[in-house]
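Reader: I am new to this structure and would like a careful look at one part of it, namely a pair of packed helices and what lies around them. Please take me through that part step by step.

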Amino acid sequence: MNERLIRRYRNWYAKLLRLYSKPYYERFGEEMKQTFTDLLRERAEEGQGLFGYALWLFVETSAGIMRENITYIIMQNKNIICLAFGTAFILLMPLIAMLFTNQVVWDLTDFIVAGTLIFGTGLAYELVARKGGTMAYRVAVGIALAAAFLLVWMNLAVGIIGSEDNPVNLMYFGVLAIGILGATIARLRPQGMARTLFATALAQALVPMIALIIKKPQVTSVEASIGVLGVLGLNAFFVMMFIGSAMLFRRSRIRL
């Protein structure tokens, strides 16, 4: 009777052990099942009840499963957790600044957008950079994401062409769409990513040209010409970032 009861408890215990992380279960699962069985048999030989003792072992093991799984999740995602804390720290800066100056005025939407951009960019780097084994690949990913982050941030904050309310600035989101679509088609492979970033650089360069054709600004005054040159110079900066990223992707293809 006791042996049949022990086997039943062992089957339940084996199912409980499956809640451990796979590496932990593969390493200790069989040993823990055998230890559980031996303890119950010793208990039975002493003529003591099994139910209460088995229940205590189940509770103790459940607590161990929770501790081990939390540790496993933290170890597996420590970079993401650090990223979340880093994002929160960065967002503390404008929050503190608002207490001492009226020059910084953020509402809840501003904090949500900024947090999403910062955390999303960092998470994208964490997920994409691990695809490549070379330093060139990781740096290329970092440069491309940094350019995309700055492009979105500047458009939302002040706008690149005119103010942030200028609808012409929406063309820059088309630039990012080309990058995202190209990366998806390339499946993050270095050769395809290089082509995608070259295409993104070309699209970036075309935006101010199209904007000049649409708006036809008068550049006879010094102030207007400086504004046009400033836009062209800023766009050239982003173009160089995308081209630099593309060159690094091409280099990482050679070394893979």
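Author: Helices here are DSSP runs of H or I with at least four residues, numbered from the N terminus, and the model in which they are found is a predicted one. With that numbering, Gln103 sits in the loop between H4 and H5, and because its relative accessibility is 74%, Gln103 counts as exposed. The C-alpha atom of Gln103 is 65 Å from that of Ala54, although 49 residues separate the two along the chain.

On either side of this loop are the helices themselves, H4 with residues 78-100 and H5 with residues 108-129. Two packed helices are described by the angle between their axes and the distance between the axes. For H4 and H5 the angle is about 155 degrees, and the axes lie 10 Å apart; since angles over 145 degrees count as roughly antiparallel, H4 and H5 are therefore roughly antiparallel to each other. The crossing in which H4 passes H5 is right-handed.

The residues of H4 that meet H5 include Ile80, Leu83, Thr87, Leu91 and Met98, while among their counterparts in H5 are Phe111, Gly115, Ile118, Gly122 and Glu126. Sorted by class, the contact between H4 and H5 holds 13 nonpolar, 4 polar and 1 charged residues.

Further along comes H6, residues 135-157, whose 23 residues reach 32 Å from first C-alpha to last, close to the 33 Å expected at 1.5 Å a residue. Buried residues of H6 include Tyr137, Val141, Ala144, Ala148 and Leu151, and after H6 comes Gly159, with a positive phi near 85 degrees.

Definitions and conventions:
Residues numbered from 1 in each chain as written. Predicted model: local features only at pLDDT ≥ 70, side-chain atom pairs only at ≥ 80, totals over all residues. Heavy atoms only, no water. Axes fitted to C-alpha atoms, helices over the stretch in contact; angles between N-to-C directions. Helix = DSSP H or I, 4+ residues; strand = E, 2+ residues; numbered from the N terminus. Parallel < 35°, antiparallel > 145°, perpendicular 65-115°, else oblique. Left-handed = near helix turned anticlockwise from the far one by under 90°. Contact = heavy atoms within 4.5 Å. Nonpolar A, V, L, I, M, F, W, Y, C, P; charged D, E, K, R; others polar. Buried < 20%, exposed > 50% of the residue type's maximum accessible area, 1.4 Å probe, protein only. Expected span 1.5 Å × (residues − 1).
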